[in-house]
Amino acid sequence: MRKIYKQLIVLGVFAFSLGACNCNNSAENCDKNATCKNKNEMKYSKKYTNADFYKDGKFDEAVAMQAMKDMFEFYDVPFTAFMEKEMWVTDFGLGDFENVGMGGVFWVNDPEHNYFAHAIYLLPGQMIPEHAHVRTAYAPKFESWMVNKGWAYNFSEIGEETPGAPAIPASHGEVKSKNFVVQNVGDIIHLKKEESFHFLLAGPEGAIVDEWASYHDGDGLRFTSPNASL
């Protein structure tokens, strides 16, 4: 009886070890030492560099989109038919998508009813160029942001300079916005003042951010980086 009991224990431990190391991309993952960890205990990290994003000096949007999809897979964000049709990626003409760029999709941008909903996708360490939204035929865009996955530095030109700021990519140049907070999952932050300069810079885990705002008029977009454009 004691021998049978020991055999059952051994079989149970063996079965548990098989289950623990049956890792896959949708639920669990394995590190390089084949030690399995629950996905909730892992953090997303940078996998692509400019060597991947540029071919003969030209921005490869397909690779940039694949990098975004890789992040979506880790964070269990479904890539919908609407995203397949409407999502875009940009390096803002700066040639440094690894550090300055974004992916995004406008869920709605309605001038008649003056509302806007946007998803912002930032790879690890990626920065949106510093910008402001000025008055055009429409009122200046006012916006709010909530982080859904990862985290980001949320910068504003309003307020005193915050110590310990992350490095701004050389490809972007100087910024006016010196005040920042770390924006974590669930944090909601509002633009401090209409027409003020601001930007987001993702932490090392990347960031997926919801934005709600008044109508977005592209003619009102102003960058501080002299070479940035859409």
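Is lysine 178 buried, partly exposed or exposed, and at what relative accessibility? Lysine 178 comes out as partly exposed, at 33% relative accessibility. Here, buried means under 20% relative accessible area, exposed means over 50%, and partly exposed is in between (1.4 Å probe, protein chains only).

A word on the model before the views. This is a predicted model, where local features need pLDDT of at least 70 and side-chain atom pairs count only at pLDDT 80 or more, while totals for chains, interfaces and linings use all residues. Residues are numbered from 1 along each chain as its sequence is written, and side-chain values use heavy atoms, with hydrogens and water left out.

**View 1. Lysine 178 pairs with glutamate 174.** The two form a salt bridge, with the closest N and O atoms 3.9 Å apart. The term stands for a side-chain nitrogen of Lys or Arg within 4 Å of a carboxyl oxygen of Asp or Glu. Glutamate 174 counts as exposed, at 68% relative accessibility. Elsewhere, Lys141, Glu143 and Glu211 are joined into one network by salt bridges that share partners.

**View 2. Serine 177 is buried in a loop.** The loop in question runs between strand E9 (143–156) and strand E10 (179–183). Strands (E, at least two residues) and helices (H or I, at least four) are DSSP runs, numbered from the N terminus. Serine 177 has a relative accessible area of just 1%, so it counts as buried. Its side chain reaches the backbone oxygen of phenylalanine 197 at 3.3 Å. Leaving aside neighbours within four places in sequence, serine 177 is in contact (heavy atoms within 4.5 Å) with Glu130, Phe155, Ser156, Glu157, Phe197, His198 and Phe199.

**View 3. Strand E12 is largely enclosed by the rest of the structure.** Of the 16 residues in E12 (residues 198–213), 13 are buried. E12 runs antiparallel to E9, and 12 bridges join the two. Strand E7 (residues 115–122) is also antiparallel to E12, joined to it by seven bridges. For pairing, DSSP has to find at least two bridges between two strands. On the E9 pairing, valine 147 stands opposite valine 209 in E12.

**View 4. Histidine 118 sits in strand E7.** Its bridge partner in E12 is glutamate 211. With a relative accessible area of 6%, histidine 118 is buried. Not counting residues up to four places away in sequence, histidine 118 touches Trp88, Met102, Gly104, Val105, Phe106, Trp107, Val209, Asp210 and Glu211.

**View 5. Glutamate 205 and lysine 43 meet in a salt bridge.** Their side chains come to 3.9 Å, N to O. This pair links distant parts of the chain, 162 residues apart: glutamate 205 belongs to strand E12, and lysine 43 to the loop between strand E2 (36–38) and helix H2 (50–53). Glutamate 205 is buried, at 17% relative accessible area, whereas lysine 43 is exposed, at 62%.

**View 6. Glutamate 98 forms a salt bridge with lysine 46.** The closest N and O atoms are 2.9 Å apart. Again the pair links distant parts of the chain, 52 residues apart: glutamate 98 is in the loop between strand E5 (88–90) and strand E6 (102–110), and lysine 46 in the loop between E2 and H2. Glutamate 98 is buried, with a relative accessible area of 17%, and lysine 46 counts as partly exposed at 39%. A search of the whole structure finds six salt bridges.

How values were computed:
A polar contact is a pair of N or O atoms within 3.5 Å; within protein, one must be able to donate a hydrogen and the other to accept it, and residues adjacent in sequence count only if both atoms are side-chain atoms.
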